[in-house]
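I am opening a notebook on a structure that is new to me. I mean to note what I looked up, one topic at a time.

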Amino acid sequence: MNKKAFKHLPTYWRLIDQPLSIQFFLSGGLIAVSYFVSLFILLYRFQYQSLSTFIAMVTIEFLLFLFFLVILSKLYFSIARPLLHLQQGILNYQNGVFTERVTVTNRSQIGYLESNFNEMAEKIEVLVGDLRKLDEMKTEFLSTVSHELRTPLTSIGGYAKLVLSGDAGPVTQTQKEFLTIVDKNSIRLASLINDILDVEKMELKKVEMKSDPQDLALILRECYDTFLIVAKQKGLQMRYKVPEHFNKILGDRERLVQIFMNLISNAIKYTRAGFVEIEAEQTPLAIIVRVSDSGLGLSVEDQNRLFEKFFRANSSLTFSEGGTGLGLVIVRGLVEAHGGKISVESELEKGTRFIITFPILFSSKNPLLVHQAVAVI
């Protein structure tokens with residue numbers, strides 16, 4: 001077999017790809033086999049040798065065998081076993097056990113690696129502790145600031161509406177325009193605060209979610225009815241291709257409404273002319289919803305960054321419409337919290353399609369189907 005063919009052997013055929021413990025045991029086995037083969041040859045040739053010569057040769061063979069056995073044992077306990085412990089320590093670290101330490105076995109290169117691992121582990125543990133403290137401070141800060149901002153923003157918006165309505169006296173046209181700007185910006189700031197808090201909760205896995213059987217067809221119909229007039233006012237055609245009923249899915253109704261309200265709102269906002277379509281179908285294991293539009297579309301680069309925080313596609317319409325750049329981040333977090341997945345298909349100047357998949361709720365008497373549904377999703 002040539003060298004090129006040897007390189008393409010499966011890893012289980014190559015000794016060098018095996019754990020060190022297996023390599024040592026195989027090496028010891030080969031030495032034992034060679035010893036017994038040579039011993040057999042000595043026995044076969046015994047008839048041609050004197051007894052003293054035969055005993056001397058057998059003794060030498062036995063001593064050599066013991067010597068190699070001791071050497072292999074020493075090598076195993078000084079190299080293979082420490083490396084296995086180091087490997088286990090690294091695996092534990094990857095699983096988040098930052099208190100993991102390994103015993104320094106000797107002063108060789110292996111001991112140097114073990115010592116360095118322990119030093120690195122101590123530094124990382126301190127850094128992780130500091131990061132957790134900073135994270136707690138950030139969460140507390142956001143919670144405090146959001147509370148302190150919400151109250152005055154609500155007051156500003158309320159008084160702006162009150163003055164606009166004329167309850168505080170006559171208002172000129174110029175004053176109405178200014179007060180309308182104040183009201184819109186207070187609403188925008190309140191929305192930004194809510195979005196930031198939602199993203200923060202998702203990252204900390206602290207999103208409050210109910211878990212009840214939901215009919216997704218009813219939720220989609222509600223969202224369609226909500227935006228039908230908005231789309232008509234903009235001159236867009238609203239298409240609705242959803243069956244009357246689906247199998248139930250498990251989730252939070254308000255959060256599911258939030259998902260599709262956000263997607264449909266974006267589709268209308270970033271479509272100058274044409275249509276917005278809501279389509280859904282049920283497969284044996286899942287419900288697939290598609291929200292499509294004939295809008296601006298997205299470049300490949302924008303699609304790759306679409307679910308990043310504060311990212312906004314590079315177009316004049318995107319910036320003129322405003323937005324926080326957090327809506328789709330929240331949508332993805334809510335979809336995944338329901339055990340689903342979201343993806344996007346788009347082409348510049350031809351429109352965008354979001355595809356959302358949710359696993360169907362099966363009876364608890366059929367756990368295999370539940371497992372299959374999650375696997376498909």
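**Charges over rings**

I began with charged side chains and aromatic faces, and I found R239 lying over the face of F275, at 3.9 Å from the ring centre. I should record at once that this is a predicted model, and that every value below is computed from it. I then looked up R221, whose charged end sits over the ring of Y240 at 5.0 Å from the ring centre.

**The chain as a whole**

Stepping back, I counted 11 helices and seven strands in the protein chain. The chain has 377 residues, of which buried residues make up 34%. I also looked at how far contacts reach: among those between residues at least 6 apart in sequence, 67% join residues at least 24 apart.

**Aromatic pairs**

How many aromatic pairs does a search of the whole structure find? The search gives two. For the pair formed by Y224 and Y240, I noted 4.7 Å centre to centre and 35° between the planes, and this pair is tilted. Y224 belongs to helix 6 and Y240 to strand 2, which covers residues 237-241, so the pair ties together parts that are 16 residues apart in sequence. I checked the accessibility of each partner: Y224, at 11% relative accessibility, counts as buried, whereas Y240, at 21%, counts as partly exposed. Y240 is also the residue whose ring lies under the charged end of R221.

I turned next to F260 and F358, whose ring centres are 6.4 Å apart and whose planes meet at 70°, so this pair is edge-to-face. With F260 in helix 7 and F358 in strand 7, the pair ties together parts that are 98 residues apart in sequence. Both F260 and F358 are buried.

**The nonpolar cores**

Which members of the largest nonpolar core touch the most other members? I found that L216 and F260 do, in a core of 46 residues. I then asked where these residues come from, and found that helix 5 (173-203), helix 6 (216-233), helix 7 (253-269), strand 4 (275-282), strand 5 (286-293), helix 10 (327-337), strand 6 (341-347) and strand 7 (351-359) each supply at least two of them. Helix 7 gives the largest share, nine residues.

Looking up F260 by itself, and leaving aside its neighbours within four places in sequence, I listed its contacts as L216, I219, L220, C223, V289, V291, I356 and F358. A second core, separate from this one, has five residues, including L86, Y93, V102 and F117.

**Helix 6 and helix 10**

I wanted to compare the length of helix 6 with expectation, and its 18 residues, at 1.5 Å a residue, should span 26 Å; the C-alpha atoms at its ends are 26 Å apart, which agrees. I also noted that helix 6 bends by about 35° at F227. Its buried residues are L216, A217, I219, L220, C223, Y224, F227 and A231, and I recognised L216, I219, L220 and C223 from the contacts of F260.

In helix 10, I found G327, L328, V329, I330, V331, L334 and V335 to be buried. After helix 10 comes G339, with a positive phi near 80°.

**A positive phi away from glycine**

Most residues other than glycine have a negative phi. I therefore made a separate entry for E349, where phi is positive, near 65°, in a residue that is not glycine. Where is E349 placed? I found it in the loop between strand 6 and strand 7, and at 62% relative accessibility E349 counts as exposed.

**Two positions in helix 5**

My last entries concern helix 5. I193 lies in this helix, and at 10% relative accessibility it counts as buried. The C-alpha atoms of I193 and L149 are separated by 8.3 Å, although these residues are 44 residues apart along the chain.

L192 is also found in helix 5, but at 28% relative accessibility L192 counts as partly exposed. I looked up its relation to L326 and found the two 8.3 Å apart in space, C-alpha to C-alpha, and 134 residues apart in sequence.

How values were computed:
Residues numbered from 1 in each chain as written. Heavy atoms only, no water. Core = buried A, V, L, I, M, F, W, Y, C linked by side-chain atoms within 4.5 Å. Buried < 20%, exposed > 50% of the residue type's maximum accessible area, 1.4 Å probe, protein only. Helix = DSSP H or I, 4+ residues; strand = E, 2+ residues; numbered from the N terminus. Contact = heavy atoms within 4.5 Å. Phe/Tyr/Trp six-rings, centres within 6.5 Å; stacked < 30°, edge-to-face > 60°. Lys NZ or Arg CZ within 6 Å of the ring centre and 35° of its normal. Expected span 1.5 Å × (residues − 1). Bend = angle between axes of the 7 residues up to and from the residue.
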